[in-house]
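User: I am new to this structure and would love a close look at a single part of it. Could you take me through one helix and its surroundings in a friendly way?

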Amino acid sequence: MKTTTVLKLLGSRFFWMLFMLTGLFHISAGQNRILVFSKTEGFRHASIEVGKPALKKMGQEKGFIVDLTEDASQFNEQNLKRYRAVVFLSTTGDVLNPAQQTDFERYIQAGGGYVGIHAATDTEYDWPWYGRMVGAFFLDHPSTPSNVQKGRYNVVMKNHWGTKMMPETFEREDEFYSFKQISPNINVLVTIDEKSYQGGKNPDFHPMSWFQEFEGGRSFYTAMGHTDQTFSEPLFLEHLWAGINFAMGGENPKPLDYSKARPEENRFTKVILEEKLDEPMELTLLDNSRVLFIERKGAIKLYNIQTKQLKTIATLPVSTKYTDREGKITEAEDGILGLNKDPNFAKNHWIYLYYSPAGSEAKNILTRYELRGDELVMDSKKVLLEIPVQREQCCHTGGSIDWDKQGNLYLSTGDNTNPHGSNGYSPSDERPDRSPWDAQKSSANTNDLRGKIIRIHPEANGTYTIPEGNLFPKGTANTRPEIYTMGHRNPFRISVDQKTGFVYWGEVGPDANKPDATRGPEGHDEVGQAQKPGNFGWPHFVGDNKAYNKFDFTKNVSGEKWDAAKPTNTSPNNTGLKELPAAQKALIWYPYAESKEFPLVGSGGRNAMAGPVFYTENFKNAPHAFPQYYNGKLIIYDWMRGWIMAVTLDKNGNYSSMEPFMPSYKFSNPMDMAFAENGDLYMLEYGSGWFSANDDARLIRIEYNGGNRKPSVQIAADKMGGSIPLKVSFSSEGTKDADGDVLKYSWKITSKNGFNKILTENNPSLTFSKAGVYKVTLTATDAKGESNSQSMEIKAGNELPKVTFDLAGSNKSFFFPNQNINYEVKVSDKEDGSLANGKIKPEDVSVNIDYLAEGYDKVAIAQGHRSADASVSLTKGLKLIEANDCKACHSVTKKSIGPTYTQVSQKYKNDGSALERLTKKVIAGGSGVWGETPMSGHPQLAASDAADMVKYILSLSEKKATANSLPVKGVYTTKLPANDKGQGIYMMRAAYSDHGANGIPSLSSEEI
């Protein structure tokens, strides 16, 4: 009896377990189950509470399971895999966070379904993908005589699965939505006749129900569903069931296939190869083991992928300064600007460089050099092209180089125009001696190579020929045949689609914050596309051909707007045609504020760049190739905002959509990028500060991993430096493994003085008792042996200076014109002392107060700051000279047994490599250049101190500008520039670089 009972009990339990397992298996195999989501962040429709049980009942009758939720956290990949379709039941507002949005996008792309009911179009306006997937966004609904009215519907697609239950026309009561951003890709099932009710806003064609196949998934929407009665109407319920059945996949649903979806972000890994670079500009991948890149001040650097070694293989003497007519010297955007290898580099070993050569002649040159092994052969130099420029005023250089598949070279050039005399609008100042402020001399000049994208065919002998099909045929009067596109402001990074031949560029745009009825539109950055040669409008148009007003700078009077169909250039600075080709609009454009057309780009500072177009066929056997999902997508990025976007183009090359790439990363001013043969994406990050070396200026690599993923490593410390003993607590918080593996941690801490220690805790601490620069590397290793690392530097022995601005009770939020502001800068440094005790001298502190007019370019402010900081640095060099034995043999102007400093400065005035050579000579000593008397060595000097001394000496040949730095204490009067409306802001900045301590280099602090 007991045995029988036990067997029966076991049997019943086994049957129940088998039933449960069978059920689970059936669900995992794709049981018809839908998720009904009814979260609202805006208006909440009462009909939601009626709709939920109606859908439950429908599921019971039609044989599918209905889960109800208002919990957005259910929008995760594992949970969404359980459902054939997701129903948005009158959702409103922003209901999903970015991570949930990404998982829902991937679900649809994997083959999932969507159904939207009524207010589902009143949802997620800042999520463009959602709008395209639904098919439209809500515009409004009637209010007179009521929001709910009776209207007449018309069936558009007759005898269709979505309408076979409907008569050709029928009337019903509801709240009739009007729509905006209606997708041209939707298949409209039912429309409404706007003559049958009051308040419609889509008179020509007013859709009310539709469906579409979308990015691998299916979408159905109906605007019906406002009233409670709707969910008891047989006609509506049958129509809704047809849409749900379509979204679930119909009679033969297919399982979700996530291989077709956008890859998870954690399959991409950012690997830092080198950091602390000095203004990296452009790179080229020479072969599987070498990356060549340039730094603006003249350095050409080679990174070996195999040995992980970086070396400077050459330094070109380049011009990096502007000198105006009064002799004022400021930092320039000039230097070494562009780099690329020859398409046949493996055989001819040629590389091409575009740069601003040092010397009195103001020009930029396109050159070719031979790279023999790792050596740049200097006497192999061939100058293909010289472009005269002005070096009086900033800005805009361009300088990017690329190739098409026919072997034509493309070079971008900037407008070489100062934008700061036109309030951020069109710089078209035609007054005498104002050519540097008139972009009509360059961008709109058909006879000038500035503000252009040039296309030429380099020849083996170092010359070039003109390919057929440029903008102006050879021999056309008052034109340059090299011009492919014109009307550019600063096309800083260009890219040629190797399949289509289309040219892309990022256009750094003008600075006006707001449109002005008398001057023109607000400033926009652009991503341009040239499917053929053309005029892209600058300085007469911007964005989608928004026109500027002609402006008389003498009389300060606005005129008519330029005509995009028939633009003209009548400037006295124009040497080309007066009638220009019709202006072409940009592919993508966006202002400082949020963009209505392209909301994903965000807001704030902007600096558009264009990267490559990815094609899977180019990486068939590449181990790290990006997946098929990115095939044909254009990669764009923004230097200021730090994002990267993948842009989808239609079959004709027109813009379709964009989406963030690695959105959780903010890249440190991405500067250039290129795919390697193995599929990795190499990138330069310029870093966060203008015109200077930056700790976050890097050469990086983006790796894709379709299998086991490397750990994502985050490294942090509670302090980056300080006096000794220095206790530092390290953190690995944020380090994780996407595959869920348990991680092992290894902290390797080394210095050049022989210190070597390994710690294995997750978050260790260490006290540094000896001064030095320590490299700290955290390596995380997963259970399968994959590892990833991140590094940082700790500087022990020198405390960071403290800099503060004391405004003595003055308001910091706003100002009034002609207001006196009492200010005092306070600086203290543990090793150097302070301003208060007199050990830090006022002349060692850089102080700037700048007015940023509305639309003013912050780059110009940074130029001024670097000049002020440089003058402080030169003061430091002079003090070091006075503290050493230099005066025994040298003086500034009086000849002694050694040359005067002025003679030295004049001799090396245009020698870009002089700083490095003379710094070494000061330390090591030498003779033979100025006579027989040897110069004694100074081995006690740190290289940084010797460099400061040489910088001071070399500066003597430069005509000095007026003092750039203000006193550390004083009264500043807020005087507005002439004709300024007072809409700008004052930026107050103080900076101090200490003298270093205990062998640790100088540290700098600034307060803004």
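User: Which residue just after α4 takes a positive phi?

Analyst: Happy to help! That residue is G111, whose phi is about 115°. Before we look around the helix, a word on the model: this is a predicted model, in which local features need pLDDT of at least 70, side-chain atom pairs count only at pLDDT 80 or more, and totals for chains, interfaces and linings use all residues. Residues are numbered from 1 along each chain as its sequence is written, and side-chain values use heavy atoms, with hydrogens and water left out.

Let us begin with the helix itself. Helix α4 covers residues 98–109, which makes 12 residues. Helices here are DSSP runs of H or I with at least four residues, strands are runs of E with at least two, and both are numbered from the N terminus. The expected span of a helix is 1.5 Å times one less than its number of residues. For α4 that gives 16 Å, and because its end C-alpha atoms are 16 Å apart, the two values agree.

Now to the start of α4. There, the backbone nitrogen of A99 has a side-chain oxygen of N97 within 3.1 Å. This is a polar contact, meaning a pair of N or O atoms within 3.5 Å; within protein, one must be able to donate a hydrogen and the other to accept it, and residues adjacent in sequence count only if both atoms are side-chain atoms.

Next, how covered is the helix? Nine of the 12 residues of α4 are buried, so the helix is mostly covered. Buried means under 20% relative accessible area, exposed means over 50%, and partly exposed is in between, using a 1.4 Å probe and protein chains only. You can find the buried residues in the view: Q100, Q101, D103, F104, E105, R106, Y107, I108 and Q109.

What does the covering? Among the helices, the cover includes α3 (77–80) and α5 (128–134). Strands take part as well, including β3 (85–89), β4 (113–117), β10 (207–214) and β11 (217–222). Contact here means heavy atoms within 4.5 Å.

Two other places with a positive phi, both in residues other than glycine, are worth a glance. K308, with phi near 60°, is found in the loop between β15 (299–304) and β16 (309–315), and K308 is exposed, at 58% relative accessible area. N669, with phi near 55°, lies in the loop between β40 (655–661) and β41 (670–675), but N669 is buried, at 10%.
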